[in-house]
Amino acid sequence: MGRAEDEKGPYVVIRAGRFDYSRLPGYDKSRASQKLSRLHLSLLRLLAERDPDSMTSVELYEKLYPGEKIHAGDVRRVHDLIWEVKSHFQQATDNVDIDVIERDPEQGGYRLALAGPGKGNGLYDALVPCNIPTIQPTLIGREAEIEEFLPVLRQQRILQLIGPPGAGKTRLADELGLLGRHYFPDGVFKASLAPVSSGDTILREVARTVGYNAAPEDLETSLIQRFGDRSLLLVLDNFEHLLDQADVVRRLVRSCPGLHVLVTSQRPFPVAAGDAVSGEERRYLRPLPPPAPNEQPAENPAVRLFVGRAR
């Protein structure tokens with residue numbers, strides 16, 4: 001391999017009809033419980049060839065299952081295939097995590113590369129199931145919060161983002177979720193809880209968000225089994241009217257070692273003695289400040305945000 005290839009780390013080449021593992025150090029196919037099929041191969045090829053800014057999970061589904069009508073939650077089948085591919089390589093290589101799918105003209109096929117955030121050709125995020133729209137309004141005036149909150153989100157199990165109405169909690173949570181795709185390779189899922197009534201359970205909305213159909217009376221156990229030890233980020237937006245269900249969130253986190261939760265709320269979770277999860281933190285989001293006396297209004301983030309929304 002040349003120097004450029006060395007920097008990208010070990011890889012497996014997808015050739016015509018088969019996988020070539022010869023350049024993946026430490027690979028032992030017998031240790032992988034999930035066998036890779038032609039459907040997995042087709043998915044990897046589609047991910048390598050897709051336009052990362054245009055092909056959605058629905059389009060991937062239509063190409064993988066031509067002629068099949070899509071029903072609610074069916075795109076979960078695509079996400080499951082992605083999980084199976086990543087699980088296969090992790091089991092067979094002592095948890096080596098394949099990040100990037102890219103063309104490899106020299107080898108005559110495609111390559112799954114160990115690249116990591118900020119490297120590769122931008123296809124890293126294609127491997128991460130995510131229901132947060134990638135096209136978002138410009139984030140204005142919250143650069144310091146992103147720099148502060150993202151490491152907390154990665155290190156802690158529950159991050160509560162607390163602030164008054166209109167402070168921008170939802171937009172900031174969306175941005176953190178999209179950036180979180182680099183750190184939670186098994187998925188980032190946002191559940192909008194504003195429509196959920198206080199007498200209902202958030203578990204139904206969580207199950208609907210991740211595309212999982214389970215018996216209502218067994219939702220918590222089913223979700224715990226579903227999540228397992230997968231590395232996931234769950235964004236729970238507008239939690240303030242459901243604070244009596246904070247213990248449900250904590251039970252999920254305690255039972256799923258790879259699950260992290262980002263909560264937006266006007267008020268924090270109630271905390272009784274011994275109630276909080278280890279690694280549960282709060283951060284407060286204040287409204288953007290008005291212009292200072294010696295500041296040009298056009299340069300103030302709050303004014304820029306107001307003008308941008310008005311336009």
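At 0% relative accessibility, Phe-239 falls in the buried class. The model in which this residue was examined is a predicted one. Phe-239 is placed in the loop between β7 and α9. Apart from residues up to four places away in sequence, its contacts are Leu-193, Ile-202, Gln-245, Ala-246, Val-249, Val-263, Thr-264, Ser-265 and Phe-269. One of these, Thr-264, is 25 residues from Phe-239 in sequence, while the two C-alpha atoms are 6.2 Å apart in space.

The count of aromatic pairs in the structure comes to 1. The pair is formed by Phe-239 and Phe-269, with 5.0 Å from centre to centre and 50° between the planes, and it is classed as tilted. Phe-239 belongs to the loop between β7 and α9 and Phe-269 to the loop between β8 and β9 (280-284), so the pair ties together parts that are 30 residues apart in sequence. Phe-269 is also buried, at 1% relative accessibility. Buried is the class for residues under 20% relative accessible area, so the values of 0% for Phe-239 and 1% for Phe-269 both place their residues in it.

Phe-239 is also a member of the largest nonpolar core, which holds 30 residues; together with Leu-236, Leu-259 and Val-261, Phe-239 touches the most other members. At least two residues of this core come from each of β6 (188-192), α7 (202-209), α8 (219-227), β7 (232-237), α9 (246-255) and β8 (259-265). The element that gives the most is α9, with 5 residues. A second core, separate from the one just described, has 19 residues, among them Ile-146, Ala-173, Phe-184 and Leu-262. In soluble globular proteins, nonpolar side chains tend to be buried together.

For the protein as a whole, the secondary structure consists of 10 helices and 9 strands. The protein has 311 residues, and 46% of them count as buried. Among contacts with a separation of 6 or more, 70% are made by residues 24 or more positions apart. The accessible surface comes to about 15400 Å², and carbon and sulfur atoms account for 49% of that area.

Charged side chains were examined next. A search of the whole structure returned 8 salt bridges. One of them joins the side chains of Lys-190 and Asp-174, with an N to O distance of 2.8 Å. This pair links distant parts of the chain, as Lys-190 is in strand β6 and Asp-174 is in helix α6 (residues 169-179), 16 residues apart. Lys-190 has a relative accessible area of 15% and is buried. Asp-174 is likewise buried, at 7% relative accessibility. Both values are under the 20% cut-off for burial, so this salt bridge joins two buried residues.

A salt bridge is also found between the side chains of Glu-220 and Arg-251, at 2.8 Å from N to O. Here too distant parts of the chain are linked: Glu-220 lies in helix α8 and Arg-251 in helix α9, and the residues are 31 apart in sequence. Glu-220 is partly exposed at 21% relative accessibility, and Arg-251 is partly exposed with a relative accessible area of 32%. The partly exposed class runs between 20% and 50%, so both residues of this salt bridge belong to it.

Another salt bridge is formed by Arg-283 and Glu-281, whose closest N and O atoms are 2.7 Å apart. Arg-283 is partly exposed at 21% relative accessibility. Glu-281 is in the partly exposed class as well, at 23%. These two residues and Glu-148 are linked in a network of salt bridges.

An arrangement of a charge over a ring was found for Arg-154 and Tyr-183. The charged end of Arg-154 sits over the ring of Tyr-183, at 3.9 Å from the ring centre.

Technical notes. Residues numbered from 1 in each chain as written. Predicted model: local features only at pLDDT ≥ 70, side-chain atom pairs only at ≥ 80, totals over all residues. Heavy atoms only, no water. Helix = DSSP H or I, 4+ residues; strand = E, 2+ residues; numbered from the N terminus. Buried < 20%, exposed > 50% of the residue type's maximum accessible area, 1.4 Å probe, protein only. Contact = heavy atoms within 4.5 Å. Areas by Shrake-Rupley, 256 points an atom, 1.4 Å probe, with all protein chains shown as cover. Core = buried A, V, L, I, M, F, W, Y, C linked by side-chain atoms within 4.5 Å. Phe/Tyr/Trp six-rings, centres within 6.5 Å; stacked < 30°, edge-to-face > 60°. Lys NZ or Arg CZ within 6 Å of the ring centre and 35° of its normal. Salt bridge = Lys/Arg side-chain N within 4 Å of Asp/Glu carboxyl O.
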